[in-house]
Structures are given as C-alpha cells and as structure tokens.
Amino acid sequence: MKYYVLYNAIAGQGKAEEIARALPEKLDGEVVGYADMTKITNYAAFLADKTDCAIVICGGDGTLNRFVNDTADCALENEIFYCASGSGNDFLRDIGGVAGEPIRITEYLKDLPTVEVNGKTYRFINGVGYGVDGYCCEEGDKQRAAGNTDINYTSIAIKGLLFHYKPTNAKVTVDGVTHTYKKVWIAPTMNGRFYGGGIMPTPDQKRNSKDGKLSILIFHRSGKIKTLMIFPSLFKGEHLKNKKYIELLCGSDITVEFDGPAPLQIDGETIVGVMKYRALAKMPSGTLGKEENELAKQ
C-alpha cells in the first residue's frame with residue numbers, strides 16, 4: 001500500500017513532524033510523500049492525484065478537527081490512518097490506540113456530528129465544550145501565543161474555578177424538550193467519551209452509535225469549593241453520582257443557550273464570546289424513519 005503523510009508542524013509541541021518522518025518504519029508499505037497540513041489551502045486539488053494512496057494524519061485532536069472540516073466538501077475516498085502526536089490525544093484514548101503508532105480510522109470520520117456557532121457550522125470529532133472548559137482552552141491559547149510551551153490545563157482550570165470564571169444560567173433543549181439550569185459551570189455535548197486531555201464527562205457515550213445520539217453533561221448549582229471537590233471525579237467518570245449537581249441528557253438535536261457570553265471549544269479549537277450553540281448528530285443512513293431524518297437535516 002502507498003501512504004501519503006500529512007502532519008501538523010505545531011502539534012505535540014512541535015514534535016509531530018519528527019514523528020511523521022519516522023513512520024516508514026511502522027507502515028506496511030511505501031511512504032510516497034509528506035505535507036505540512038497548515039499549508040494546504042485546497043484539499044480537493046491536493047488529493048486529486050492521490051486517489052491510490054492511504055492518507056496518514058500525524059497530529060492531535062485539533063489536527064483531526066481541522067482535517068475533517070477542511071475536507072467537508074470533498075468526496076474523500078482515501079483510507080485514513082492516524083498517528084497521534086498531540087498533547088491531549090482524547091480521540092485515540094477513546095478508540096483504544098497507542099500514541100505514535102498508526103491506526104486506521106476511516107470509519108470514525110463518517111457520519112460526524114455538527115455544531116452551529118455564530119452562524120457557522122463545524123464538524124467535530126470528540127466534543128463541544130462550553131463554560132469553564134472553553135475558558136481553559138482560551139487561556140491556554142493566550143499562554144501559547146505568549147511563548148509558553150508547557151501549558152498546565154489543570155492549573156488553569158483550578159484558578160479559573162476559584163478566581164476568574166463566572167458561571168452562567170443556561171437553557172438546554174434536547175430533541176425539543178427544554179430544561180433550565182442556574183449557575184452552570186460546564187455544558188459539553190459529546191460524540192466520544194473524552195475531552196480536555198482525559199476528562200470523561202460522558203462515560204457511556206459511544207461514537208458512531210447506530211441510534212445517532214449525542215450526550216450532554218450539565219454541571220450546575222454548586223459553589224466554588226464543591227465544584228473543586230467534584231471536578232477530579234470527571235477524570236474517572238465518577239461524577240455522575242452527584243445527581244444534585246450533575247445531569248446527563250442524550251439526544252440527536254441539542255441546543256445550549258447561556259445568559260452571558262462564554263468561551264467555547266470544538267475539539268480544543270477555541271471560539272470566544274459565545275451565547276448559544278446547536279449540535280446535531282449525523283444519523284447513519286438507513287437507521288431512521290423519514291420524519292426523523294427530516295429533523296436531523298434542520
């Protein structure tokens with residue numbers, strides 16, 4: 001098999017290209033070329049003469065997010081492999097792969113959910129974080145822009161919870177049913193189980209599930225100290241027992257509205273000052289009736 005390797009030069013603290021160049025030792029075929037993904041402006045043109053190649057993506061969750069959105073309008077027929085070389089690697093953690101080892105992911109990139117934010121629509125791999133999780137990505141971006149390569153998101157989260165981030169009230173509508181919450185800290189909608197470098201807000205969420213459902217976690221009502229006490233349990237999926245402060249809902253059409261602007265992240269990519277987002281599951285073909293399919297297209 002022929003392989004063409006795409007890498008994100010800034011992923012994994014700048015180590016993704018080094019990992020990509022070592023891939024010929026790990027692939028059962030010939031690597032015929034390399035390209036820095038950050039310099040590709042037209043994937044349809046780029047892939048036109050590579051129909052006989054499998055594509056290997058070398059980077060992190062943000063790299064995958066960029067790829068699936070940049071190729072959204074392409075008739076992508078190549079087999080896709082992934083070599084995780086990011087800082088969080090939540091997608092790899094979810095599917096059970098090993099960092100630095102190529103794994104086939106073609107099926108995982110089909111029927112991806114979408115999220116609409118500020119009039120734009122994006123596909124997402126892992127999840128959409130809204131609230132203090134988006135704040136952490138925003139602060140991480142600021143530190144990275146200032147030249148810091150050793151970013152501690154746990155430290156950012158603790159300082160945000162204690163001093164900087166102010167929770168908001170929220171209205172959450174799942175498949176037409178609206179719920180209201182006060183003092184919401186996070187309200188992520190998930191396609192997989194993990195985000196944020198190992199946080200597991202939705203332990204039972206199955207990506208590419210035939211029922212086409214997404215999961216949303218609402219962490220609300222708690223004060224700062226109680227929030228800090230519960231927060232570590234999110235890494236083990238044990239937070240769900242705190243039913244007074246935690247609610248988990250599932251559906252194919254999820255809208256979250258805050259009563260004040262808050263940062264949002266999509267697979268680690270940050271959008272600031274967001275008031276509302278709508279996530280739609282992409283239903284696998286043939287699994288729904290006509291009426292449900294029409295709802296999914298709205």
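## N118 and D111: positive phi

At 56% relative accessibility, N118 is over the 50% cut-off and so counts as exposed. Keep in mind that this is a predicted model. N118 is found in the loop between β6 and β7 (120–123), and its phi is positive, about 50°, even though N118 is not a glycine. That's worth a look, because most residues other than glycine have a negative phi.

D111 is another non-glycine residue with a positive phi, at about 55°. You'll find D111 in the loop between β5 (103–104) and β6 (114–117). Its relative accessibility is 36%, so D111 counts as partly exposed.

## Two buried asparagines

N8 sits in the loop between β1 (2–7) and α1 (16–21). Being in a loop doesn't put N8 out in the open here: with 10% relative accessibility, N8 counts as buried. What does N8 touch, leaving aside its neighbours within four places in sequence? The contacts are A16, M37, T38, C58 and T63.

N65 belongs to helix α3 (residues 61–70). Its relative accessibility is 7%, so N65 is buried as well. Not counting residues up to four places away in sequence, N65 is in contact with R123, F124 and I125, plus I266, D267 and E269.

## How α5 meets α6

Helix α5 (residues 132–145) and helix α6 (residues 153–164) have axes that come within 9 Å of each other and cross at roughly 120°. That angle is why α5 and α6 are called oblique to each other. The crossing is right-handed.

On the α5 side, the contact is made by V132, Y135, C136, C137, E139, G140, Q143 and R144. On the α6 side, Y153, I156, A157, G160, L161 and H164 take part. Sorted by class, the contact of α5 with α6 has eight nonpolar, four polar and two charged residues.

## Cysteines without disulfides

How many disulfides does a search of the whole structure find? Zero. Take C74, which is in no disulfide: the nearest cysteine sulfur is that of C53, 16 Å away. C136 is in no disulfide either, and its nearest cysteine sulfur, that of C137, is 7.0 Å away. A disulfide needs the two sulfur atoms within 2.5 Å, so C136 and C137 don't qualify as a pair.

Is C136 buried or exposed? With a relative accessibility of 9%, C136 counts as buried. C136 and C137 also turn up among the α5 residues that make the contact with α6.

Key
Residues numbered from 1 in each chain as written. Predicted model: local features only at pLDDT ≥ 70, side-chain atom pairs only at ≥ 80, totals over all residues. Heavy atoms only, no water. Buried < 20%, exposed > 50% of the residue type's maximum accessible area, 1.4 Å probe, protein only. Axes fitted to C-alpha atoms, helices over the stretch in contact; angles between N-to-C directions. Helix = DSSP H or I, 4+ residues; strand = E, 2+ residues; numbered from the N terminus. Parallel < 35°, antiparallel > 145°, perpendicular 65-115°, else oblique. Left-handed = near helix turned anticlockwise from the far one by under 90°. Contact = heavy atoms within 4.5 Å. Nonpolar A, V, L, I, M, F, W, Y, C, P; charged D, E, K, R; others polar.
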